[in-house]
Structures are given as C-alpha cells and as structure tokens.
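This briefing goes through one protein model by topic. Please keep the sequence and the coordinates at hand while reading.

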Amino acid sequence: MPERLKKISEFIKSNLDLVGVLDGKEAFKGPEMLHIDLTNRCNNQCLACWCRSPLLKDKCMPPEEQVKTLPYEIIKGILDDAYSMGTRQVKFVGGGEPFMHPEVMKLVEYAVKKGYSIDINTNFTLVNEEAAKKFVDLGVDLMTVSLWAATPKTYVATHANQTGKTFQNIEKVLNFITRYKKETGKTKPAIKLYNVIFNKNYKEINRMIDFAFSTGSEAVQFTVMDPKEGSTDSLLLNNKEQDFLIKEIEKAKKRINFLSQTISKKGYENQVFVSSFQEFERRVKSEKAGSGMYDEKVTCSIPCSAGWMFSRIMADGNVVPCLKGPLKPVGNVYKKRFRQIWEGKKQKEFRYNGTHLSRTNPYFAQLNCLKTCDNLWQNESIYIRLTSLSKSQRRILKGAGFMLKIKKAFKN
C-alpha cells in the first residue's frame, strides 16, 4: 500500500467515532466507554443519592427495583459484544453497590482477561484487604471510591446509616493498597476519591485533597450534587455557603500547586491529580447553581455526541444512551443483544437528535441535561476534535462513512 494511502487508512481507523458523528446516525465502532450497573442492591444511604437518600421518602427507588441484579451470563454477553465492536473501557457501577453482586469478582476477572481497561465505582465499604490484594494482583486499572468526606464526622453526616468506624476501615484499606502496590512494584489500581459536594461537606474540600495525599491515592475528584426537586434540593448551597466554597476553591488551587512542588522536591513517588477541577469550579460559580442548574449555557453551546461515545446498561436490563438517560431507554438486553441495540433505531434517533436538535427541545425533557450533563467531557472532546479538522480531513471521514454504510448494507 502506498505511504499516502496507508496514512489515510490509519487516520480513518483512529477517527471512526468522528466518522459516525459526521454521518449523523450510524456508528462504526462500539462506545468508547461502557457503564454496566451490576446491581441496584446497596448497603449505604448516601444523603444526596437519587435512589436511597432518606430525604427522598416516598420518592425512593421502589423496593422491587432495589433488588434488581444483572446475571453473570447477561453481563458476559454484553462484554463480548462490546469488545467485538472495539470498546475497551468498562466501568462497573450501579444504582447500588457493585460489590453486592454475588459474582462481582468473577466478572472483574473475566473483564480483565478479555482485555478491558476497568474502573470499579464503589462506596468501598465491602472491600477488605484480601479483595484489595486481588485487585492489585489482577491489574484492575482504576477504583473510583465514592467517599464524600475527609473525616469520620463528615462521613457520618453524609451517610445516614454508617458510623465513623466505617470511614476508618476505608482509610485502613486504602493505605493497605498503597503499601501492597509498593511492595509488589505494581501501579494498579489507581485510586480516585470521588466527592459529591453539598451543604454537609463543602467546608472539607481541602481536607479531602490532604486525605488523598495521606492515603497515597492517585486522584481526587469533586462534583456538585444533582438535586431532586422537593427532597434532596434541601442540600443545595445557599449564597453564603457558595461564597465560602469559592474561597476554598481558590485555596485549593494554591494548595495543589504547593503540595505538588513539595512532593517533587522531596522525591516522593505519589502525586495527586485533582480531576475535572475547572469544571467543578465553573459549576459552583454558575449563575443558577443555587437551583441546581449548572450546565445550561455550555450544554446548549455544543452538540451532544454521547450516542457514539457512551452506553449504560442498567440493572433491570435497560440500555440508556447517556448518564441522564434512565427514563429514555433505547433497548433491553433481556430482549436483544447489546450489539443490536447499539445499532438499533432508537439509538440512532438519539444520535441524530443530539447533534441536530436544541437541548431545549421536548425530546430532552426527561434527560434534565440542562441541569448537569455527566457526559459533557465527551461532548467537549468530540467538539474540539471536529472543529480542528481541515476541510480535506472532513471530506475523507465523510467519504469513509459513505463507503462503510455501503459495506454494512451488503453484509446485512
């Protein structure tokens, strides 16, 4: 193959997601990121949770939904389908706690052997040293620990059914992972401490950063709470609290820089990356933050490309096209294979509408993406890549889409 044609071929292969976006409906590879809700079962009552917060009262997830759990064979089939379509990142999450799935370790092992980069999103309360050791030995890539606190007192204030002892045990296991990785010369799993910020913990963001350093965690991330009207919206920051948090954010910027420089000078191995901090700051400072409307301006300014980049399978088998999509399923894995759903009519409709309709269109009413768009980072990434294409590159990718559709039609 001539060198020029080889470069064009490589360019197309590395931008198959953009080929789909430029087509407007079709996808020529699987989602970049696949979320699988292993189970809705949970042992926590997190105060800002959409499913089990005691503030929700009669708006809690119905009891029959709280026990929904995807069977091992169904999940295995999803992983097989997605991998065959080019997906390499999977996140085990849930409307509940992944470690309440009876075969979670078996699923983790299967995903690792399959070749996936794995992120496990967990409250970490059920992870003991034996399990932690196995994650290191398996080479699990990332564990996102939903913590919401830097002290036992705040942990109890943000988790209605837990005690300070639970927090201390989490700290103990985090320290164990750091030690065991050093002993074995391993770097995985990276630990990211995830903190949803609201009026019970907003004073602790700098202590949360310090806690990440002290436990040897590789990253810490902050996000604003997504309120449910008439219940958890009581957790939103008032103007005074918002002003306090903005000042803490400025302190955090200086502290992050100082700690990083200190670590660098002293030659310590661990450094903490504060993930998505600019986005967190933007949301806290947004004009409508007091009502939980954080992303209206930015989501209306760029197209939604989540339909090509992301998919979530919920514990009841419903497949939803974005993190805000539980009320707008595009299929169910009990009825169809994941591949069929990904290539199906409803998924294509979501893709087209995301790139052609205003976010204020009634189609998006159930998604509430004007409040917070949890796929915003993917939409921004695709938008930047698309707008940086030259006219000739755009023509090449559009032509590739045309040829791939013809190939798919003949195959079918």
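The notes below cover the sheet, the nonpolar cores, the aromatic contacts, the cysteines and one helix residue.

The model is predicted. Its strands include an open sheet of 10 with mixed pairing, and its largest nonpolar core has 97 residues. The structure holds 12 aromatic pairs, while a search of the whole structure finds 0 disulfides.

**Sheet**

- The strand order in the open sheet is S7-S6-S5-S4-S3-S2-S1-S8-S9-S10.
- Strand S7 (273-275) and strand S10 (331-332) are the edge strands, and each of them pairs on one side only.
- S2 pairs with strand S1 (residues 33-37) in the parallel sense, over 5 bridges.
- Within that pairing, Leu 34 stands opposite Val 90 in S2, and His 35 stands opposite Lys 91 in S2.
- S2 also pairs with strand S3 (residues 117-122), again in the parallel sense, over 4 bridges.
- Here Gln 89 stands opposite Ser 117 in S3.
- S2 is mostly covered, as 4 of its 5 residues are buried.
- In a regular strand, side chains alternate between the two faces of the sheet.

**Nonpolar cores**

- In the largest nonpolar core, the residues with the most contacts inside it are Ile 36, Phe 92 and Phe 222.
- Helix H8 gives the most to this core, with 7 residues.
- Beyond four places in sequence, Phe 222 touches Asn 195, Ile 197, Ile 205, Met 208, Ile 209, Val 274, Ser 275, Phe 277 and Phe 280.
- Another core, of 8 residues, lies apart from the largest one; among its members are Ala 306, Tyr 363, Phe 364 and Leu 367.

**Aromatic pairs and charges over rings**

- The structure holds 12 aromatic pairs, two of which are described here.
- In the pair of Phe 99 and Phe 135, the ring centres are 5.5 Å apart and the planes are at 55 degrees, so the pair is tilted.
- Phe 99 lies in the loop between strand S2 (89-93) and helix H5 (104-114), and Phe 135 lies in helix H6 (residues 129-138), so this pair ties together parts that are 36 residues apart in sequence.
- Both Phe 99 and Phe 135 are buried.
- Tyr 155 and Phe 167 form another tilted pair, with 5.7 Å centre to centre and 50 degrees between the planes.
- Tyr 155 belongs to helix H7 (residues 152-158) and Phe 167 to helix H8, and the pair links these distant parts of the chain, 12 residues apart.
- Tyr 155 is buried at a relative accessible area of 0%, and Phe 167 counts as buried at 2% relative accessibility.
- Tyr 155 and Phe 167 form one aromatic cluster with Phe 211.
- Lys 106 lies over the face of Tyr 72, at 4.2 Å from the ring centre.
- Arg 359 lies over the face of Phe 364, at 5.3 Å from the ring centre, and Phe 364 is also among the residues of the 8-residue core.

**Cysteines**

- No disulfide is found in a search of the whole structure.
- A disulfide would need two cysteine sulfur atoms within 2.5 Å.
- For Cys 304, the closest cysteine sulfur is that of Cys 373, at 6.1 Å, which is too far for a bond.
- For Cys 322, the closest cysteine sulfur is that of Cys 304, at 6.3 Å, again too far for a bond.
- Cys 304 is buried, with a relative accessible area of 9%, and Cys 322 is buried too, with 7%.

**Asn 175 in helix H8**

- Asn 175 lies in helix H8, which spans residues 164-184.
- Asn 175 counts as partly exposed because its relative accessibility is 23%, and the buried class ends under 20%.
- Leaving aside neighbours within four places in sequence, Asn 175 is in contact with Ser 214 and Thr 215.
- Asn 175 and Leu 376 are 201 residues apart in sequence, and their C-alpha atoms are 32 Å apart in space.

Note on methods
Residues numbered from 1 in each chain as written. Predicted model: local features only at pLDDT ≥ 70, side-chain atom pairs only at ≥ 80, totals over all residues. Heavy atoms only, no water. Helix = DSSP H or I, 4+ residues; strand = E, 2+ residues; numbered from the N terminus. Buried < 20%, exposed > 50% of the residue type's maximum accessible area, 1.4 Å probe, protein only. Contact = heavy atoms within 4.5 Å. Phe/Tyr/Trp six-rings, centres within 6.5 Å; stacked < 30°, edge-to-face > 60°. Lys NZ or Arg CZ within 6 Å of the ring centre and 35° of its normal. Core = buried A, V, L, I, M, F, W, Y, C linked by side-chain atoms within 4.5 Å. Pairing = 2+ DSSP bridges.
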